[in-house]
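Trainee: I am new to this structure. Could you walk me through it and tell me the reasons behind the terms you use?

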Amino acid sequence: MTMAPTEIASNDEETMILEMVRELVAEKIGPRAAEIDATGEFPWDVKELFAQNDLLGIPIPSEYGGLGGTFVTYVKVVEEIAKACASSALIVAVQELGMLPIMIGGDEEQKRRFLPKIASGEHLVAYALTEVSSGSDALGSMKTRAVKQGDNYVLDGQKIWITNGSVADVVCVFAVTNPEAGSRGVSAFVVEKGTPGFSVGKLEKKMGIRGSPTVELVFSDCKVPAANRLGEEGEGFKIAMKVLDKSRPGIAAQALGIAAGALEYATGYAKERIAFGKPIGQHQGVGFMLADMKTEVESARLMLYEAARRCDAGGPDVTLWAAMAKLKCGDVAMSVTTDAVQVLGGFGYSVDYPVERMMRDAKITQIYEGTQQIQRLVISRRLVGRG
Ligand code: CAA
């Protein structure tokens with residue numbers, strides 16, 4: 001029997017984890033959020049907090065040092081953190097994104113070599129797919145090359161927009177090994193920090209998620225041991241796509257958390273702020289806005305939890321559900337945060353209130369891990385094929 005989304009309940013372990021996360025968020029992360037945004041510096045203290053509380057390897061199986069938790073638990077954790085600080089939530093989400101190529105494409109030796117340090121937080125990890133002219137068209141326009149030379153591959157090229165690329169100890173990189181072979185001409189590699197020929201380039205200045213460094217990575221005559229290739233030569237693009245199927249729900253969770261945080265703040269404000277003799281929330285213009293925001297947040301939440309449940313079940317429809325969850329939650333994040341700013345009026349536009357940061361942070365969830373247009377492409381191809 002198919003489980004209805006509303007039946008996705010917490011188990012005891014998940015309840016405990018979420019209580020602990022709520023406490024961390026209330027005491028340590030929420031109070032840091034405005035400062036993280038203002039300074040634009042990676043919050044190493046928050047990363048340490050996550051590592052100490054085993055939050056950096058939730059879906060990594062326990063035999064590789066992770067918590068062995070479900071994707072449902074993982075997305076709920078990202079959501080809770082993002083309610084207060086989207087940049088901090090991204091630390092957890094990108095740790096998952098970066099480890100997935102190893103989980104999906106790695107052999108036993110590679111999993112034992114890389115995953116325990118990622119799970120413990122000793123190593124941060126990044127995922128490097130995007131290039132200057134290869135964003136949405138990840139396959140057709142990829143230029144970074146990997147040429148086999150003896151026991152190594154020599155990597156040459158640049159990746160851009162790599163989240164946490166400058167703080168990562170290991171990076172999963174996708175490169176063309178056979179330009180003639182189309183989707184079977186890309187391979188995946190783990191490149192370790194300090195490898196000669198691997199360097200960090202430009203740091204982007206961004207509208208939002210300012211505490212999360214987004215950088216260019218440069219590979220110049222960079223020799224990577226063949227033992228660091230994930231999967232067979234030519235399997236890289238499929239690994240990259242399978243990763244996105246399981247990581248897009250993490251970004252959807254970040255988006256949902258931002259929306260839920262903004263809704264909570266706007267609701268509290270609408271109960272306190274008096275205009276024309278009563279709280280503004282009791283004026284229909286504002287009350288109905290809040291009603292729509294609440295309805296959107298809850299419908300996005302149901303869709304996300306169902307997508308995460310399908311990630312746990314591992315069925316063939318994960319691609320579809322991950323894309324739908326990312327699409328829905330990203331759009332809800334943008335509309336709800338925009339409306340939250342409106343509810344606060346002039347105060348909403350001020351950096352003294354968190355909703356302007358939330359609105360800026362929301363925008364990226366409609367862009368990264370596949371734009372909303374790419375999600376629609378993925379969904380429509382599942383419905384009617386591609387011609
Ligand atoms: N699972 C397994 N295999 C898949 C797959 C999936 N979900 N999706 C595609 N494939 C396979 C196809 O079956 C096909 O295989 P064959 O050639 O053997 O038949 C091959 O991959 C190529 O697929 P397509 O023909 O569909 O490829 P395409 O060029 O038409 O484009 C795309 C596919 C969906 C548009 C893809 O390029 C895409 O997802 N683009 C967006 C990229 C993206 O999301 N980037 C995000 C970067 S990471 C990030 O943003 C992180 C961050 O900062 C936090």
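Mentor: Gladly; we will talk about one strand and then about the ligand, keeping in mind that this is a predicted model.

Trainee: Why is strand 4 called largely enclosed by the rest of the structure?

Mentor: Seven of the seven residues of strand 4 (residues 170-176) are buried, so the strand is largely enclosed. Buried here means under 20% relative accessible area. Val-170, Cys-172, Phe-174 and Val-176 point one way, Val-171, Val-173 and Ala-175 point the other way, and all are buried.

Trainee: How do you know that strand 4 pairs with strand 1 and strand 5?

Mentor: Pairing takes at least two bridges. Strand 1 (residues 125-128) is joined to strand 4 by four bridges, and the two run parallel; there Ala-128 stands opposite Val-173. Strand 4 and strand 5 (residues 186-192) share seven bridges and run antiparallel, with Val-176 opposite Val-186. Both counts meet the cut-off, so both are pairs.

Trainee: Now the ligand. What makes Arg-184 a polar contact of the ligand?

Mentor: A polar contact is a pair of N or O atoms within 3.5 Å. An N or O atom in the side chain of Arg-184 is 2.3 Å from an oxygen atom of the ligand, so this pair counts. A backbone N or O atom of Gly-370 also lies 3.0 Å from a ligand oxygen atom. Taken alone the ligand exposes 1100 Å², and the protein buries 79% of that.

Trainee: Which helix gives the most to the shell around the ligand?

Mentor: Helix 7, with seven residues.

Methods: Residues numbered from 1 in each chain as written. Predicted model: local features only at pLDDT ≥ 70, side-chain atom pairs only at ≥ 80, totals over all residues. Heavy atoms only, no water. Buried < 20%, exposed > 50% of the residue type's maximum accessible area, 1.4 Å probe, protein only. Polar contact = N/O pair within 3.5 Å; in protein donor to acceptor, adjacent residues only side chain to side chain. Areas by Shrake-Rupley, 256 points an atom, 1.4 Å probe, with all protein chains shown as cover.
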